[in-house]
Amino acid sequence: MDYLLLQMLNGVQLGLLMFLLAAGLTLTFGIMDLVNLAHGSLYMMGAYIAWTLIGWTDSFVIGAILTVPATFLLGLVVEAVVARRLYARDHLDQVLATFGLILFFNELVRVIWGPAGKSIAVPQFLNHTVEILPGMPYPAYRFAIIVVGAAVAVLLAWLVARTRVGMLIRAGASNRRMIGALGVNIELLFSLVFGLGAVFAGLAGLMAAPITSVKIGMGDDILILAFVIIVIGGIGSIKGAFIAAMVVGQIDIVGRAFLPDLLKTFMSNAAASTAAPAISQVLVYVVMAGVLVWRPTGLFGQRT
Amino acid sequence: MKMNLFGTTTIMALGAMSLGGLPAMAQTPIKIGFVSTFSGPQAAIGEDMRRSVELAKEHLGGKIAGRPIEIIYEDDQFKPDVGKQKSEKLVQQDKVNFVAGYIWSNVLLASLKTVTDEGDTILISSNAGPSQIAGELCNKNFFSTSWQNDQTPMAMGEYLNTKGVKSLYLMAGNYAAGKDMLAGVRRTFKGEIKGEDLTKWPDQLDFSAELAKIRAAKPDGIFIFYPGAHGVQFLTQYSQAGLKSQVPLYQVFSIDAITLPLQKELALGTLGAQEWVNDLPNEQNKRYVADFKKKHTVYPSYYGAQSYDSIMLIASAAEALKGDLTNKDKVRAEMKKANFKSLRGDFKYNTNQFPIQNFYIQEAVKDPEGMMTVKTIATAVKDGKDPYYEKCPMK
Amino acid sequence: MIAALRTPRGLVTVLVLVVLAVLPLLTQAFDQRYLLSIGTKIVIWSIAAVSLNMILGYGGMVSFGHAVFFGIGGYAVGILSAHGVSSGWIQWPVALLAATLWAALVGALSLRTRGLYFIMITLAFAQLVYYVGGGLEAYGADDGLNISRSRFPGVIDLRNKASFYWLCFVLLCGTLWFCSRFANSRFGYVIRGAKSNDLRMTALGFPVFRYRLAAFTISGAFGGLAGILLANEGAYISPAMMSWVKSGDLIVIVVLGGMGTLFGPLYGTIAFFVLEESLPPLLDLGRKGWGEYWQIVFGPMLVLIALYARGGIDSLFGRRR
């Protein structure tokens, strides 16, 4: 029972990280109609920038806080130089150009930070365990990810549901042309949304860094998972992205924590250990295909 | 006509010799391709190997049998398919005389035939030792200056028996080497195996699920195989989860000169097995470790020591043949003698061309200057042979 | 043939084909075995690129999972070979059948979606197979598997690099021939018409979905052929051959060469591989060590192509008639 609960918490933690990544993607997708493959690169850049800033300030917290404006700025630059020119183009152009951006960022990181990869240590004040329930220790850093991730999710929900910018975002997601016609400065809105997406991606990269590692291409595979999440959730829907991220987080944990033991009852250990993570990944795509058959525009996507 | 041809050939051969055939050969470099990981989180291992190869070159005075040494480094990016491609390039484009290196068993397995069969080039593994190559895939063009994967954990298992450890929980990365490592410890460890996890390699760096299982299983000890960056992650999470005070850790290839600068005090007191330790008391080893430390201010690792040995093995064969590497049978025969001063002390080659050698138990400690390192505390196995050589058709 | 030589496009095409046809002789004359390896990869990738171009270039179906057919073709050969079935006469038809069936299934499910969802669903199906490949412990999982090359006793020895190259080249010519027949057939015109306006084609009474499905399936079969050859080229299979980045590379190649043109994918593949091999030494001329960072040039090049050069290399040879 303890074990089950711990694993579910791990799933929630992974889901929240994925949500941060997916939130920015679903917004740029839903509002600007942009397929941004380079979103994973922003995740990677966030981690590397955080590594540098934490090193400079010699403080995890200050470095992490400074990462937010830095990644926002990076987002604005990418938007102004490349992304802006792609909004009106077809998806193929967008795939091609942002694929080029991935190559560019991967090499840029190699030039600036070297090929070796970096690691960000868990900050000292979180380097212990907390008893979430009596007799159930849980690493404090992971707990912090859950807290921060949940806080950001709430903040985002508030931003989208209660503020003027959020109103425009929602309007933009359902009818792009209309808000332009209403006299809103659409270019500014687009820049802002793109920058916001970059901040979330960077934040996800920063928070994941101490439990994974900071390396070139770290965003490439997780990007595809983020795409799956927003397609399941429905493009443009924050709520959908949240729910889908939670589901994917739980599937991943089930695949890692429970499937191997289940499979070992009728397979060799090696075969079971190989098959289990593969099955959990396949399950994610099966869920996606199933959702699309059931609802062709995702769980909370706009019906067309 | 026959006479004529024979005469012409003789004259040409003599002419070539007198007109500087030997000096010409002396000028052409001995080319060694070196495949390792130079990018990504495991690049520190490749760098340690490169430093040791360069040190070997320096100790040889830049020349083997009068021929300059040219080393071409290729980055396998930690991926089997890339390693195979780079090996192909070394053999076909650079036309190297030897290919050495290879940290990872899966990269080596993917690259083996490209080098040994299609390229008919001699390959010296400086680290990886997959069971397949010790057994049914053994190859006359393949030599190891490291070990077979099973051997090091077998030594650890023997030692744990003598220490009276009753039960173990086993963990390793799920790839060719990880499977061999766990097979190895199971081969010798007589206590109970409380559980066994092979984790997704190399993607999985988050061991929280497995650590929770270990907590529930309550074993006497944990045995792990997580080389390089993964070892750092594991040790960090193991102590973060508060297990350090409850279940002792035993390891192979997970706490070493590469990882200790990052693991620091967390590693103190942890035991491991190895065929080479930096304090082995032979002359060549003292010189190697001292020169390496002087240059780079850190300790070398076994990855480096084995790479150094790879170059010295090549040098011993080429010196014996006076730099003439054209007859590959002779080169192989010379290499098989292992007639060089290995940093681990002398060893002999088994029929499958893996070393027959000792294994030691080492402990992570602080040296007098406060730097983290490992020191030998016991000899676990004497003249150990790998368990696969009888499957190898070579005699 | 003579007439073709008068236009720049014709001249280049003939030149490229002639050089490709005699490549093994050239590499042997200059003792450049490695160039033959690259040449073989170029020819195999060209087959895949031509097959992707049938649906992407002519049909406007942006499949972001085409590398999956490398995997299916390759794994079919590899799995059979691992079980001792080494005859190419069995391996190849089985592999082609597997690729065709998978293409038909994926096409049937994903061609119901449009635009972005189509991109994502083709990607998802490719990822699915990618992870299945990584989960097959018996066939090497992520480590990949060394296989023995397909045997055609008495006909051809695939271990001979030159004969294998020529086999690939002949198959590429066959693929190009098929593609030209396809593009200029009634079937091809329906696919091309549906790209610009599928409502009109439907209104004209063409069952667009079925036409597209047929095109997608044929394209998958040729992709599977490329996979068979790729597995035989390296005598090695691994999930890496069908990673999504490879699918991205294929799209890049098709666009780079010129979408919807017969020889565009071939030019694109050559350009892609030549850039990959020559940008590093070229940059090294600027300063030693820069070559390592060639993708920092290649990446922005892709961005510029996407923004300003949609016609690809083919358009450099003047407007098409």
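This is a short exchange on how terms are applied to a predicted model.

Mentor: The model is predicted, so local features need pLDDT of at least 70 and side-chain atom pairs count only at pLDDT 80 or more, while totals for chains, interfaces and linings use all residues. Residues are numbered from 1 along each chain as its sequence is written, and chains are lettered from A and ligands numbered from 1 in the order in which they are written.

Trainee: What makes chain B as compact as a globular protein of its length?

Mentor: Set the radius of gyration, taken over C-alpha atoms, against the globule rule, 2.2 Å times the number of residues to the power 0.38. For 395 residues the rule gives 21 Å; chain B has 22 Å, which is close, so chain B counts as that compact. Its secondary structure comes to 13 helices and 14 strands. Helices (H or I, at least four residues) and strands (E, at least two) are DSSP runs, numbered from the N terminus.

Trainee: How do you know that α9(B) is mostly covered?

Mentor: A residue is buried if 20 or more other C-beta atoms lie within 10 Å of its own, exposed if 12 or fewer, and partly exposed in between; C-beta atoms are placed from the backbone. In α9(B), 11 of the 12 residues are buried. Among them are Phe234(B), Leu235(B) and Tyr238(B). Across chain B, buried residues make up 59% of the 395.

Trainee: What span is expected of α9 (residues 229-240) of chain B, and what does the helix reach?

Mentor: The expected span is 1.5 Å times one less than the number of residues. For these 12 residues that is 16 Å, and the helix reaches 17 Å from its first C-alpha to its last, which is close. Just after α9(B), Gly242(B) takes a positive phi of about 80°.

Trainee: Why are β2 (63-64) and β6 (142-144) of chain B called edge strands?

Mentor: Two strands pair if DSSP finds at least two bridges between them. Each of these two pairs on one side only. They end the order β2-β3-β1-β4-β5-β6 in an open sheet of 6 strands with mixed pairing. Inside that order, 7 bridges join β1 to β3 of chain B, and these run parallel. Ile32(B) has Ile71(B) as its bridge partner in β3(B).

Trainee: How do you know that chain A touches chain B, and which element gives the most?

Mentor: Two residues are in contact if their C-beta atoms, placed from the backbone, lie within 7 Å. On that test, 28 residues of chain A are in contact with 23 residues of chain B. α11(A) gives the most to this side of chain A, with 5 residues.
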